[in-house]
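Reader: I am in my first year and I would like to learn how to read one part of a protein model slowly and with care. Could you take me through a single part and then show me how its surroundings fit in?

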Amino acid sequence: MTDEEILRMLPMAAAAIALDERLADQYLAQLGQYDERDQAQVDRCVQSALEGLIRAVWSRGWAPGDVVQHGRRTLDQVIESLLLAVIASEHRSYPVSTIDPRWLEQLNDLGIDQPYEEMNLTVWAADRRLGRYLGLHHALVLAGFLQTLPGIARLFPLPGAAAPGRRGHSQPASGKMLARIRALLAKAEATDFPDEAEALSAKAQELMAKFSLDRALVDAGPEHQLDDDSGARRIWVETPYVSAKAQLVGAVASANNCRTVSMEQLAVVTIVGAEVDLQLTELLSTSLLVQANRAMLAAGKHFGRRGESRTRSFRQSFLMAYSQRIGERLQATTEAARAAVAEADADRLLPVLSKREEQVEALFVKLFPETTLRRTRVSNGAGWAAGLSAADAAHLQARRPVNR
């Protein structure tokens, strides 16, 4: 009995878990025989297999936050904890200085902190009071999940490949500004009055537009070299109505000088833009998705003349209309902010905005050399009208000029 024999069996057993319950039981029985002879050997092989699968996932473009977000849709919570343990264990092999800071930020957000601990299946299962059979079953479910993840665009350098000492070129928004924007969006999500929620979101967009322009004016200084700080982020949207929700994210991104690509089969939207604009777009998009969903549910269920349910088509059309109208109003807020810039500053601002647009476009084409424009059909006029009404109920225009 060798490690190689067990390692050859594990991928087949993992595939069988999702496809053939009877075959999966046979593999588990065989694995149990190995386990009875040498449990430490099985633990070692399971750890090696899972860490190898995670490394393969990184090579296919996934980052830690992506894997966990996608996994939450299909994996039990206890298996998610095993996934986190595997991710932490796999990162023991990389010097921290060779991990991109944005990658490290995702690890921290997931609660994976240094020093990274080694994953041991026996210890992990004991901590959760799981029997050996269930622990092995969960490990195979996780392996099957990791094996099936498709390739996606790589947004960051692979762990271990980032230049040592390089802290990235991002220039995040100031803590004070972010605190103000988050406070406005928190109030918008908490209120039961749609017009108040939209007005608060509009004010947040006003601050975002002003901050982005202020940063661009700083970059436009006579002795300042405009660095390429374009990057990308992913937003994992809740199902259903993925295409309509992706349009809402796209509307926010467009108003904030970013571009988007949606992968509907994965329910994820990738945003490409300057780092500050990405950060602000993510904040507002996340909040508006919450607000749009609440407004959609408040509209209730809908039925046709013969009593047939038309709730799904109504809600899809509702969200599409909501996204279009919100996008129009956010764009108007952004244009008002630009119009409020002093004429002397505008002369310096335009070349910088143009250069940033070129940088974002270049990265977009690099990440997504082949994209398809997809049109979504509106099939429910009542839902479309209700969505427009929900968006129109708000006072989204900036209430006063943005003064420098």
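Reader: Which residue in E3 does arginine 233 stand opposite? Please start from there and look closely at the sheet.

Author: Arginine 233 stands opposite isoleucine 271 in E3, and this pair is a good place to enter the sheet of what is, please keep in mind, a predicted model. The strand called E3 runs over residues 268-274, while its partner E1 covers residues 230-236. These two strands run antiparallel and are joined by 7 bridges. Another place where you can follow the pairing is tryptophan 236, which has valine 268 of E3 opposite it.

E3 has a second partner, strand E2, which spans residues 259-263 and is joined to E3 by 5 bridges, again with the two strands running antiparallel. Here you may look for valine 261, whose bridge partner in E3 is threonine 270. If you trace the chain between E2 and E3, you find that the two form a hairpin with 4 residues between them, and that alanine 267, which lies in the turn, has a positive phi of about 60 degrees.

Put together, the 3 strands make an open sheet in the order E1-E3-E2, with antiparallel pairing. E1 and E2 are the edge strands, since each of them pairs on one side only. On average, and with direction ignored, neighbouring strands of this sheet are turned by 20 degrees against each other. As for how covered E3 is, 7 of its 7 residues are buried.

Part of the surroundings of this sheet is helix H12, which packs on it and touches E1 and E3; the direction of the helix makes about 15 degrees with that of E1. H12 consists of residues 275-298, which is 24 residues, and from its first C-alpha to its last it reaches 35 Å, close to the 34 Å expected at 1.5 Å a residue. Just after H12 comes glycine 300, which takes a positive phi of about 80 degrees.

One further detail brings us back to E2, whose residues are 259-263. Arginine 259 lies over the face of phenylalanine 364, at 3.7 Å from the centre of the ring.

From that ring we can turn to pairs of rings, of which the structure holds 5 that are aromatic. In one of them, tryptophan 58 and tryptophan 103 have ring centres 5.1 Å apart and planes at 85 degrees, so the pair is edge-to-face. Tryptophan 58 belongs to helix H3 (residues 39-59) and tryptophan 103 to helix H6 (residues 101-109), so this pair ties together parts that are 45 residues apart in sequence. Tryptophan 58 counts as buried because its relative accessibility is 1%, and tryptophan 103, with a relative accessible area of 2%, is buried as well.

The rings of phenylalanine 314 and phenylalanine 318 have centres 6.2 Å apart and planes at 35 degrees, so this pair is tilted. Both of these phenylalanines, 314 and 318, are buried. Phenylalanine 314 and phenylalanine 318 are separated by about one helical turn, because they are 4 residues apart in helix H13, which covers residues 311-339. An α-helix has 3.6 residues a turn, so residues three or four places apart point the same way. Ring pairs also join Phe314, Phe318 and Tyr322 into a cluster.

To set the sheet against the rest of the chain, it helps to visit helix H1, which has 17 residues (3-19) and reaches 25 Å from its first C-alpha to its last, close to the 24 Å expected at 1.5 Å a residue. Its buried residues include Ile6, Met9, Leu10 and Ile17, and what covers the buried residues of H1 includes helix H2 (21-37), H3 and helix H8 (132-147).

Finally, stepping back to the whole, the protein chain has 15 helices and 3 strands. Of its 404 residues, 51% are buried. Among the contacts in the chain with a separation of 6 or more, 81% come from residues 24 or more positions apart.

How values were computed: Residues numbered from 1 in each chain as written. Predicted model: local features only at pLDDT ≥ 70, side-chain atom pairs only at ≥ 80, totals over all residues. Heavy atoms only, no water. Buried < 20%, exposed > 50% of the residue type's maximum accessible area, 1.4 Å probe, protein only. Pairing = 2+ DSSP bridges. Expected span 1.5 Å × (residues − 1). Axes fitted to C-alpha atoms, helices over the stretch in contact; angles between N-to-C directions. Contact = heavy atoms within 4.5 Å. Phe/Tyr/Trp six-rings, centres within 6.5 Å; stacked < 30°, edge-to-face > 60°. Lys NZ or Arg CZ within 6 Å of the ring centre and 35° of its normal.
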